[in-house]
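This briefing goes through one protein model, starting with one of its helices and ending with single residues. Please keep the sequence and the structure in view while reading.

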Amino acid sequence: MSTPLPSLRKNIIVLGAGVVGLTTALRIQEQGRYKVTIVADVLPSDPQSIKYTSQWAGAHHVLNVTDDTVQSRLENETFDTMWEMSQPGSDAEECFLRVPQTEYFSDVRGAKEPLESMPEFRRLADNELIPGAVSGITFHTLTIDTPIYLNYLLTQFLGLGGRIFRGSIQHINQIIEGGSSIFKPGDNTNPPDAIVVCVGIGARFLGGVEDKNVYPIRGQTVIVRAPWVRFGRTLYENNAAMTYIIPRRSGDVRDLHLSLSSNPNPPLVQIVIGGTRVADDWYPKPRPEISRDILERGFALCPELAPPEIRSTHKPTVDDVLPHVVGEGCGLRPARKGGIRMETEWVEGVDGRGKVPVIHNYGHGGFGYQTSWGSADVVIELLCEAFDTLEAQES
């Protein structure tokens, strides 16, 4: 299919620049048929903030046991894409770390195991289980350097001709009427032909959306510098991940520049230790007592967090890990009762334009990274269907 002239390309505005918004905007821009603009009040290069959940994610890709066939499909499609992106020598390789992952469970796993499709999958023998675990599995997966990956997505999007504006909107009608021109006086871009809503927890408050099914699941983590740990572990209780160890390929690139001038041992090769999952908890800062509990649980699951030189001389304790703690994290996972919202809503335009398709793509909870590419592809399908509908009405 030939690429349309720039003047004939549909004008799309994506609201939100988290991992879902960036991935969706990039996928739409890749099609060559659209002019995509991101509008967001927080961007990947900004200082970490409770308003921007994507920076706080662990993050690794582990398929969920779920009856939601849509989520399962999105997760599998996203893993396939990220596994390809993490191939040695690819331009996105530095965003990922391929690791062996071990999962321990407090109950017996069913015969149907979604993780059987993962590379190097096998079930653990009884003598490989840790105390308290009834069953376990191991496989290979990938972890994501979230600050680096978010900026990679943004760079790819801009490199394909995408645009981004920092802006805060109170109601979706502001964008329907004015488009990006409300953020840049003199911008002669036409009002959008479609809007894609990827605002995460902001969907609860954004006028014209105001989805009260959206709620936070607060998560808290501890960050440790432990370059000798190059594997992931998770302990599940009651089918929920209670404690996890997630190594990253490197540290936050912004921390690196700060640390080189003030610290001879910069916080490279970070290990994310978690965590918590508390619904409807909006508290924006790490709680010290929770951080201590996370660290103790993490050390019990992974004594290798203690430096090798310590482990070679005596049995380590959690206090041997404390000097290597380089930070704490706290974020609000944007969950939604009923699951991810992926659908088209037709909203009345202005000046006789007729209805404008508003495509919703939010409510991913703690699975934004591992469903991001799959849900972006759903948005592409919804966009095509919406424009086919408009063309049929005009003919």
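In helix α2, the buried residues (under 20% relative accessible area with a 1.4 Å probe, counting protein chains only) are Gln 71, Leu 74, Glu 75, Thr 78, Phe 79, Met 82, Trp 83 and Met 85. Seen down the helix axis, these buried residues of α2 fall within an arc of 160 degrees, taken from the directions from the axis to the C-beta atoms, so they line one face of the helix. The model is predicted: local features need pLDDT of at least 70 and side-chain atom pairs count only at pLDDT 80 or more, while totals for chains, interfaces and linings use all residues. Residues are numbered from 1 along each chain as its sequence is written, and side-chain values use heavy atoms, with hydrogens and water left out.

**Helix α2**

- The face of α2 turned away from its buried side carries Thr 69, Asp 80 and Glu 84, which are exposed (over 50% relative accessible area).
- The cover over the buried residues of α2 includes β3 (96–105), β5 (135–144), α3 (146–159), β14 (341–348) and α8 (368–394).
- Helix α2 has 17 residues (69–85), and its end C-alpha atoms are 24 Å apart, which agrees with the 24 Å expected at 1.5 Å times one less than the number of residues.

**Whole protein**

- The protein has eight helices and 15 strands, where helices (H or I, at least four residues) and strands (E, at least two) are DSSP runs numbered from the N terminus.
- The radius of gyration, taken over C-alpha atoms, is 22 Å, close to the 21 Å that the globule rule (2.2 Å times the number of residues to the power 0.38) gives for 395 residues, so the protein is as compact as a globular protein of that length.
- Along its principal axes the C-alpha trace spans about 75 × 55 × 40 Å.
- Of the 395 residues, 51% are buried.
- Among contacts (heavy atoms within 4.5 Å) with a separation of 6 or more, 72% are between residues 24 or more positions apart.

**Nonpolar cores**

- A nonpolar core is a set of buried Ala, Val, Leu, Ile, Met, Phe, Trp, Tyr and Cys residues joined through side-chain atoms within 4.5 Å.
- The largest core has 57 residues, of which Ile 12, Ile 28, Phe 96, Tyr 149 and Leu 383 touch the most other members.
- Helix α8 gives the largest share of this core, nine residues.
- A second, separate core has 22 residues, including Ala 133, Phe 231, Phe 299 and Ala 306.
- In soluble globular proteins, nonpolar side chains tend to be buried together.

**Helix α1 and the loop after it**

- Helix α1 is mostly covered, with 11 of its 12 residues buried; among them are Val 19, Leu 22, Arg 27 and Ile 28.
- From first to last C-alpha, α1 reaches 16 Å, close to the expected 16 Å.
- Gly 32, which follows α1, has a positive phi near 80 degrees.
- Arg 33 sits in the loop between α1 (19–30) and β2 (34–40).
- With a relative accessible area of 23%, Arg 33 is partly exposed (in between the buried and exposed limits).

**Ser 86**

- Ser 86 lies in the loop between α2 and β3, and at 5% relative accessibility Ser 86 counts as buried.
- Neighbours within four places in sequence aside, Ser 86 is in contact with Glu 93, Phe 96, Arg 98 and Leu 142.
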